[in-house]
Amino acid sequence: MAVDLLCSMEIEDSQEVIALCKKSSNELQGHRLQTQDFKQKVKESIIKHLQFDLARNQTTATLGDWWIATCMMAREMIMSQFLRTQKIHHETDTRRIYYISLEYLPGRMLKNNLVNLGILEDTKKALETLGQNFDDIVNVEPDMGLGNGGLGRLASCFQDSLATLNYPAVAYGIHYELGLFKQKFVDGKQVEQPDNWLMAGTPWQVCRAENTQTVKLFGNVEFCYDHQGNLRPTWKNYTTMQGIPWDISVTGYKSSTVNFMRLWEARSADEFDLKIFNEGKFFEAMEKQMRDETISKVLYPNDSTDSGKILRLTQQYFFASCSIKDIIRRFKNRNKNFDSFPEKIAIQLNDTHPVIAVVELLRILVDEEFFPWEKAWDICKQAFSYTNHTLLPEALEEWPAGLFEYLLPRHYQLICEINRRFLCDEVEKKWPGDNAKKRAMSIISGEGTKVVRMAYLAVVACKHVNGVAEMHSALVKTSLFPSFNELYPQKFTNVTNGVTPRMWIKCCNPNLSKLLDRAIGRDWIANLDKLKSLEKFSDDPAFQKKFLEIKRANKINLANKIKDLCGVEVNIDSLFDVQIKRLHEYKRQHLNLLHILSLYRRVISGETDIVPRTFIFGAKAAPGYYMAKQIIFAINIVANEVNNNPNNDKIRVVFLPNYNVSLACEIIPAADLSEQISTAGKEASGTGNMKLAMNGACTICTLDGANVEIAKEVGDENIFVFGHTESELKTLRERGYNPYEYYNQSEELHNVLDWMASDYFTVKFGEAPLKQVRNSLLDAGDPFFVLADFESYLKTQNTIGRIFLNKQEWAKKIILNVARSGKFSSDRSIREYAEKIWDLNPVDIK
């Protein structure tokens, strides 16, 4: 088959492959144009792949075989356009964006690719004629284990939009073998298991072994004479490992552009020691190989130990080094010198994890290309831009200087020199003689144990620094990097996040998508601002009825999933109250828990005037994050009590295990209420808030992250805002926040917290996670102001319950949430990046 030849060929030299793939693809596409019997051609292609690639017939094929054969049918079309895209990009030597991210979360790719190719319905019909159910086949595909949460999903949304809008792009990441982890609950506790998503391989990837990169680690720096007789610092006595690239094509919606992700797999550079193996020293023969290959095993290894920190930093350097070397290799294919490097290359660092890439490029230019410092540093400063995704200090990547120097001795030297020049040439010029300012802005902190501040390095080195929501970007300037903003005011900008409507409406909510098509035409999918036309239907009883019918059907689907995963039956007509996001104290799942406990107290006390609710959680806690895991345990213990009380017909609580993209695609269309309740000033943006709003959920939120902009777009009357603002919390913090004040002032809060301290919920489990959560809120100082916002949250939830019972009023609100969500398309975000940061133009692929 033509596409299989791609495994060992360079894009630039694969003319025969292009011709073969075009012929194969044109047989599909051309037949569609000529006879309109595209369904038959799709059917024939699936059967061909089933027989000749998988050695199966229609009788012996499993669902997995049907899935692979269907993927390969689609891949024929994708590969043809991929090769055409890369050929044109190469021939025109176009400027590209190279997007470097530790995470991606594409989810399942088959359905999304079929949507983007415009052949979803034809494929469904073709499979039906073969006696196969499309949904059953799609559900066989495992989610790609390449990310954790919003950071990775945002990166995947951006890749979709880059291809849709015809921007030349390459995305770099890590080819994780086991992903983050697969979550299950044992007696209510989170247990992590390997997410072996690659066990059966994936038809979407192509190995590019000819572009393997070598990565150096450890060793020391010595002064040696170079080829010109100059004494230079030289990295010596290092160990090496290899990065093997795997490419996954990225399609755009009805676009001729197909970009790609390049993911690096860690391999040992040393050959297997057969001599030692034959001596019976089996583990010794494998030791180096196993150690090296650990680098790309899992995402975010626990870094609570020194060995964990070394592994995390090695992982970051490994993929950054491979990516920079690959960018240089691609650049040199068409360019003899580096003069045009900043014209052809734009590199976006997605958060602080890949910032070491700056130093790697500098090292190569200075040590291997023999550039003078000034020229090399100028190239680096023009090439890189940095997106900050968090205001939390622990997520800004600070590494102990000793550990950094041990692992990357030459890079540590270069960072020291960057820092010296920065402090002497720039800070001193701006603030003469101000040593306190120098200490505050130093890339290497000088107090106590020295650490390398990677976020500071990013700000110093990068041409642009952006936040991901208007509020977040303002706080980046005023709270996170205030002195840097004084020094470099032109660097800082904002690009509010967005999500792709292809995945988050058309794929995950097909019935809503069809309703939108009928009401306002089909152009909205590529121009989400056109959803504004939906406003005129918000008061239309007939449209409201159809909209609510679709919502109810989605709730039935989710109820079946809940029954399957949790064994709990839920009331379809209850308010589906959804909080799905990474488990962190600042996201305040425990505030939601307090509301559940308050509501449950009313239920068991005999109150009947309670709006039925189903509380739905989905979240993973980092393996080393004790309190986050205690919150999960506490929610599950409460759920066990609530769901098994025969006298309770008002509320249900479910914590769906192993939350991922595919599960989100079932939860989001069914949600009535979107919980965006983070502590004001802590959430950078959020994207779940956008997905839920554009699928017809109302939002309860603090004024945090992109919630501020969602409120502005949908209108104050169509969103439920509660709690202290960021500035109010700042004042409260400065005054001296005492959570016991709120505990003593609120009878309801007092009763709930005291209940948590009892054995009421935990007698069956022998452990007391609710007590642990209570202690974090009272005795540990309530660092995220849960108790300060409790009363406001409760009052707002009561208001929501009353409005939910008025179906006409509720329908109008959720329709307007959809109609006014157009701003939050990732297409808009990418256009802003291209214009404000990357200076990138689309390239039409004829």
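# Exercises on a predicted model

Ile-800, Ile-803 and Phe-804 of helix H32 are in contact with Lys-807, Glu-809, Trp-810 and Lys-813 of helix H33. By class, this contact of H32 with H33 comprises four nonpolar, three charged and no polar residues. The structure is a predicted model.

**Exercise 1.** Determine how the axes of H32 and H33 are oriented to each other.

*Solution.*
1. Two packed helices are described by the angle between their axes and by the distance between those axes.
2. H32 spans residues 786-804 and H33 spans residues 807-819. Their packing angle is about 110°, and the axes lie 7 Å apart.
3. Angles of 65 to 115 degrees count as roughly perpendicular. H32 and H33 are therefore roughly perpendicular to each other.

**Exercise 2.** Establish how many disulfides the structure contains, and examine Cys-157 and Cys-322.

*Solution.*
1. A disulfide requires two cysteine sulfur atoms within 2.5 Å.
2. Searching the whole structure gives zero disulfides.
3. For Cys-157, which is in no disulfide, the nearest cysteine sulfur belongs to Cys-665, at 10 Å. Cys-157 is buried, its relative accessible area being 0%.
4. For Cys-322, the closest cysteine sulfur is in Cys-207, at 13 Å, which is too far for a bond. Cys-322 is also buried, with a relative accessible area of 0%.

**Exercise 3.** Locate Asp-187 and Phe-785, give the phi of Asp-187 and of Phe-785, and decide for Asp-187 and for Phe-785 whether the residue is buried or exposed.

*Solution.*
1. Asp-187 is not a glycine, yet has a positive phi of about 55°. Its place is the loop between strand S3 (182-186) and strand S4 (189-193).
2. Exposed means over 50% relative accessible area. Asp-187, at 61% relative accessibility, counts as exposed.
3. Phe-785, likewise a residue other than glycine, has a positive phi near 55°. Phe-785 is in the loop between helix H31 (769-778) and H32.
4. Buried means under 20%. With a relative accessible area of 3%, Phe-785 is buried.

**Exercise 4.** Assess the pLDDT of the protein, including residues 1-14 and residues 30-35.

*Solution.*
1. The average pLDDT of the protein is 93, and 94% of the residues score at least 70.
2. Residues 1-14 have a pLDDT below 50; this stretch has 40 contacts in the model beyond near neighbours in sequence.
3. Over residues 30-35 the pLDDT stays under 50, and the model has eight contacts for them beyond four places in sequence.

Note on methods:
Residues numbered from 1 in each chain as written. Predicted model: local features only at pLDDT ≥ 70, side-chain atom pairs only at ≥ 80, totals over all residues. Heavy atoms only, no water. Buried < 20%, exposed > 50% of the residue type's maximum accessible area, 1.4 Å probe, protein only. Axes fitted to C-alpha atoms, helices over the stretch in contact; angles between N-to-C directions. Helix = DSSP H or I, 4+ residues; strand = E, 2+ residues; numbered from the N terminus. Parallel < 35°, antiparallel > 145°, perpendicular 65-115°, else oblique. Contact = heavy atoms within 4.5 Å. Nonpolar A, V, L, I, M, F, W, Y, C, P; charged D, E, K, R; others polar. pLDDT = per-residue confidence, 0-100.
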